Amino acid sequence: DFDTRSTDSTQQTLRLVGGLRGNFNDNWSFEVFGNYGQTNVSQTGTGQINVMNFRESQKIVPDGNGGYICADPNAVAGGCVPANIFGLNSIKGAALTYLEAPSNYLAVLKETQIGANVTGSIPSLWGADPVGVTVGVEYRRESSDERWDALQTLGLNGSNAFPPTSGEFDVREAYGEVLIPLISKGFVDNLSIRGAARYSDYSTVGDTFSWNAGGEFAPIQDVRFRAMYAVTVRAPNISELFAGPNQDFPSVDDPCEGIGATGGGALGANCRAAPGVAANIATNGTFLVTQSDRQGVTSFGGGNPNLSEEKGKTFTAGVVINPRSIDALRNLSLSVDYFSVKIEDAIVDTPLQFILDQCYGQGNASFCDFVVRRSTAQGANSAGSLREVNNGPSNSGGIRTSGIDVTM
């Protein structure tokens, strides 16, 4: 009766970039730049129902003239019309108008970036190619504000609740990089080392420091070996920090299902500690979970403003073969690289089932803070049944990977 759900979205993006480049002399140059970007998103949707109005449209009383009116006078004043939900296309006219809930979404995302760098070379003291140097500074500010209409924000239009996301951060950085040729066209073709460092000051996570160091060795022009070690960081983004607690309806298994009045070890004791679970066991002999209970679990997951940065360590080593000295093979290039990456304090969303198992199976109280049970029976849901299992991003992950890349 509400027709299909449809969405119409308009996005407007503006980007302004300006800069200045110049030379101090033959060896040294500079660059100053600024970058501003903004995206505005406006979205409307149809096909949703106003849940609060629908409830009022079903609470009806005789109107004294052989028909019916909504029972609440305040709802009548607000345009409430009884809605007949039986039969195809039975909701129409004023009843349909009262129940329709058009949705809208507005977002504004902004980024400002300002930077400057100086690049040049210094003659080497040992007869090799000049030493290359780059130093620079940068400032960046990011902000985001995303908001749904009032009904969608509260989940009262037949869909999940989507609270607003609003936040910003800025970062000030200084960096430098150096390339030092040790041997150029001597008894070997090339031997050089390089390094870089970056200091960052975030308004969210504070100071961070990243760096890398490595080298290249070409015994002949056709073969080049290379290796690099890097210590890196990634600061959390706006969504990870400030996202509103969005709603979901997950499928999880209640670890307390089947627990009786005694036994079950630590799991049984942890489950019976919840008053609702104990009441359910007293009524049913064991903790009973109905189909309504399984479908009545909701979850809220938003940002975490207490996140810190991810920390990574990367090692790469490889060889590049380009036999330019052999005319028939001068266009052939083969590279083989080994890589090993390890990330600590990775930002992850903890799986909901893991939260439940840690809370009840392992007795970890910090995970129990994310679990909400019904203390008494509520509607079709049993006493002790899961009402919410919530989560959010945390620095609790680790990622390790390694492999070999081959390019020909």
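**A friendly note on some local features**

1. A good place to begin is the side chain of Asp1, which reaches the backbone nitrogen of Ser90 at 3.4 Å. Please keep in mind as you read that this is a predicted model. Asp1 has a second partner of this kind: a polar atom of its side chain lies 2.9 Å from the backbone nitrogen of Asn89.

2. Where does Asp1 lie? Its place is in the segment before β1 (6-23). Leaving aside neighbours within four places in sequence, Asp1 is in contact with Gly87, Leu88, Asn89, Ser90, Ile91 and Leu96. The C-alpha atoms of Asp1 and Gly47 are 8.9 Å apart, although 46 residues separate the two along the chain. Asp1 counts as partly exposed because its relative accessibility is 38%, and the range for that class runs between 20% and 50%.

3. Next, have a look at helix α1 (residues 51-58), where the buried residues are Asn53, Glu56 and Ser57. Viewed down the axis of α1, these buried residues fall within an arc of 100°, so they line one face of the helix. Their cover includes β3 (60-62), β4 (68-70), α2 (73-77) and α3 (93-99). At the start of α1, Asn50 brings a side-chain oxygen to within 3.1 Å of the backbone nitrogen of Met52.

4. Farther along the sequence you will meet Ser184, in strand β7 (residues 165-184). Is Ser184 buried or exposed? Ser184 is buried, because its relative accessible area of 16% falls under the 20% cut-off. A polar atom of the Ser184 side chain lies 3.1 Å from the backbone nitrogen of Asp129. Beyond neighbours within four places in sequence, the contacts of Ser184 are Ala128, Asp129, Asp189 and Asn190.

5. The loop between α4 (150-154) and β7 holds Asn160. Which backbone atom lies 3.0 Å from a polar atom of the Asn160 side chain? That atom is the backbone oxygen of Gln247. With neighbours within four places in sequence left out, Asn160 is in contact with Gln152, Gly155, Gln247, Asp248 and Phe249.

6. Helix α9 (residues 352-361) is worth a visit too. Its buried residues are Leu352, Ile355, Leu356, Gln358, Cys359 and Tyr360. Which elements do they pack against? The partners are the helices α6 (265-272) and α10 (365-368), together with the strands β12 (299-301), β15 (371-373) and β16 (386-389). After α9 comes Gly363, with a positive phi near 70°.

7. Finally, turn to the surface, where Tyr199, Phe209, Trp211, Tyr229, Phe315, Tyr338, Ile404 and Val406 form a nonpolar patch. Together these residues have about 780 Å² of accessible area. Two strands, β9 (206-220) and β17 (393-407), are the elements that give two or more residues to the patch. One of the patch members, Phe315, has its place in strand β13 (residues 310-321). Why does Phe315 count as partly exposed? Its relative accessibility is 33%, and that class lies between the buried limit of 20% and the exposed limit of 50%.

Methods
Residues are numbered from 1 along each chain as its sequence is written. This is a predicted model: local features need pLDDT of at least 70, side-chain atom pairs count only at pLDDT 80 or more; totals for chains, interfaces and linings use all residues. Side-chain values use heavy atoms; hydrogens and water are left out. Patches are made of residues with over 30% relative accessible area and no salt bridge: like charges are joined within 9 Å, nonpolar side chains (Val, Leu, Ile, Met, Phe, Trp, Tyr) within 5 Å. Accessible areas come from the Shrake-Rupley method with a 1.4 Å probe; for residues, only the protein chains shown count as cover. A salt bridge is a side-chain nitrogen of Lys or Arg within 4 Å of a carboxyl oxygen of Asp or Glu. Helices (H or I, at least four residues) and strands (E, at least two) are DSSP runs, numbered from the N terminus. Buried means under 20% relative accessible area, exposed over 50%, partly exposed in between (1.4 Å probe, protein chains only). A polar contact is a pair of N or O atoms within 3.5 Å; within protein, one must be able to donate a hydrogen and the other to accept it, and residues adjacent in sequence count only if both atoms are side-chain atoms. Contact means heavy atoms within 4.5 Å. The arc is that of the directions from the helix axis to the C-beta atoms.
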